[in-house]
Amino acid sequence: MLELDGVAVRYGRTEAVADVSLHVDAGEVIGLIGPNGAGKSTLLAAISGQRRAARGTITFQGRPIDGETPERLVRRGIALVPEGRQIFATLTVEENLRLPTFARRDVDADALIERELERFPILRTYLHQHAGRMSGGEQQMLAISRALLCGPRLLMLDEPSLGLAPKMIDAVFAALDSLRQEQVTVLLVEQNATRTVAFADRSYVLVHGRVAAQGTREELAGLEEVTSSYLGLEAGP
């Protein structure tokens, strides 16, 4: 579904991402982990059209998407839940949920919204209240639902557990797990590396803007330099 080949992204003269190649198959949950400043969020920005790759190619469903605008990429099926959620705090929860449905044709917006309220029942409690009154975890649920209402084929999430209580983190990961049955492909950037690697089908470890390791949990657990530095796991035999 998604392939990056030799992608580099710069901020001025600084190369935040250098020569990254990775692929995401349809229906997979892929983790993207690594220390702060490794280039994880920058990579999502490049895929979603917010940053232009300095070199390399990004291909989505077999077609290059380099240089396409974020709004066009949303229409093509790429949705991003940004770090910090970025909901519309002064709009009601219902208004936040209805916004992404306006651009969709031939869909039953009420039915789609009802599906998200079933996924995150707490949102129904705040449906007619300003979204800014909710807790951080509840706002994260709203941000995920809003992205899903765009009808994405690829859902990207940037630090969805950041600042959340453990109970809320469990609820967020349970919702992401349910997407496997809905055949939504997920690319997940997370600081909670151990949980991400255990949850994802495969994970990539970024260090200094480059892929330092990749594989399943079992494969990554066998790499001592990865497990000790980034995962907190015991290395395999």
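This note goes through the sheets, a covering helix, the main pocket and a few loop residues of a predicted model.

1. Basis. The model is predicted, so local features need pLDDT of at least 70 and side-chain atom pairs count only at pLDDT 80 or more, while totals for chains, interfaces and linings use all residues. Residues are numbered from 1 along each chain as its sequence is written, and side-chain values use heavy atoms, with hydrogens and water left out.

2. The open sheet. Four strands form an open sheet in the order β2-β1-β4-β5, with antiparallel pairing. Strands are DSSP runs of E with at least two residues, helices are runs of H or I with at least four, and both are numbered from the N terminus. Two strands pair if DSSP finds at least two bridges between them. β2 (14-24) and β5 stand at the edges. Each has a single partner strand, so one side of each is left without a neighbour in the sheet.

3. Pairing of β1 with β4. Strand β1 covers residues 2-11 and strand β4 covers residues 55-60. Five bridges join them, in the antiparallel sense. One register point is L4, whose bridge partner in β4 is I58.

4. The β4-β5 hairpin. β4 pairs with strand β5 (residues 63-64) over two bridges, again antiparallel. T59 stands opposite P64. F60 stands opposite R63. Two residues lie between the strands of this hairpin. Q61, in the turn, has a positive phi of about 50 degrees.

5. Helix α1. Helix α1 (residues 40-47) lies across β1, β2 and β4. It runs at about 110 degrees to β1. Axes here are lines fitted to C-alpha atoms, for helices over the stretch in contact (heavy atoms within 4.5 Å). Angles run from 0 to 180 degrees between N-to-C directions. Seven of the eight residues of α1 are buried. Buried means under 20% relative accessible area, exposed means over 50%, and partly exposed is in between (1.4 Å probe, protein chains only). The buried set is K40, T42, L43, L44, A45, A46 and I47. G49 follows α1 and has a positive phi, near 90 degrees.

6. Strand β3. What does burial say about β3? Five of the five residues of strand β3 (residues 29-33) are buried, so the strand is largely enclosed by the rest of the structure. In a regular strand the side chains alternate between the two faces of the sheet. Both faces of β3 are covered. V29, G31 and I33 are buried on one side, and I30 and L32 on the other.

7. Partners of β3. β3 pairs in the parallel sense with strand β8 (residues 185-189), over four bridges. Four bridges also join β3 to strand β9 (residues 202-207), and these run parallel. G31 stands opposite L188 in β8. G31 also stands opposite S203 in β9.

8. The largest pocket. The largest pocket holds about 750 Å³ of space. A pocket is an open set of points on a 1 Å grid over the protein atoms alone, where a 1.4 Å probe fits and protein lies on both sides within 12 Å along at least five of seven lines. Volume is the space filled by probe spheres set on the points, which are joined across faces, edges and corners. Lining residues have an atom within 4 Å of a point. There are 26 of them, and the closest to the centre are V74, I78, A79, L80 and C150.

9. Make-up of the lining. Which elements give two or more residues to the lining of the largest pocket? They are α2 (70-76), β6 (78-81) and α6 (136-148). The largest share, five residues, comes from α2. The lining divides into 15 nonpolar, five polar and six charged residues. Ala, Val, Leu, Ile, Met, Phe, Trp, Tyr, Cys and Pro count as nonpolar, Asp, Glu, Lys and Arg as charged, and the others, Gly among them, as polar.

10. The loop between β6 and α3. T92 is found in this loop, ahead of α3 (93-98). At 14% relative accessibility, T92 counts as buried. T92 touches L127, H128, Q129, H130 and A131, not counting residues up to four places away in sequence. R85 lies in the loop between β6 and α3 as well. R85 is not a glycine, yet has a positive phi of about 75 degrees. At 15% relative accessibility, R85 counts as buried.

11. H208. Is H208 buried or exposed? H208 is exposed, with a relative accessible area of 70%. H208 is found in the loop between β9 and β10 (210-215). Its phi is positive, about 50 degrees, although H208 is not a glycine.
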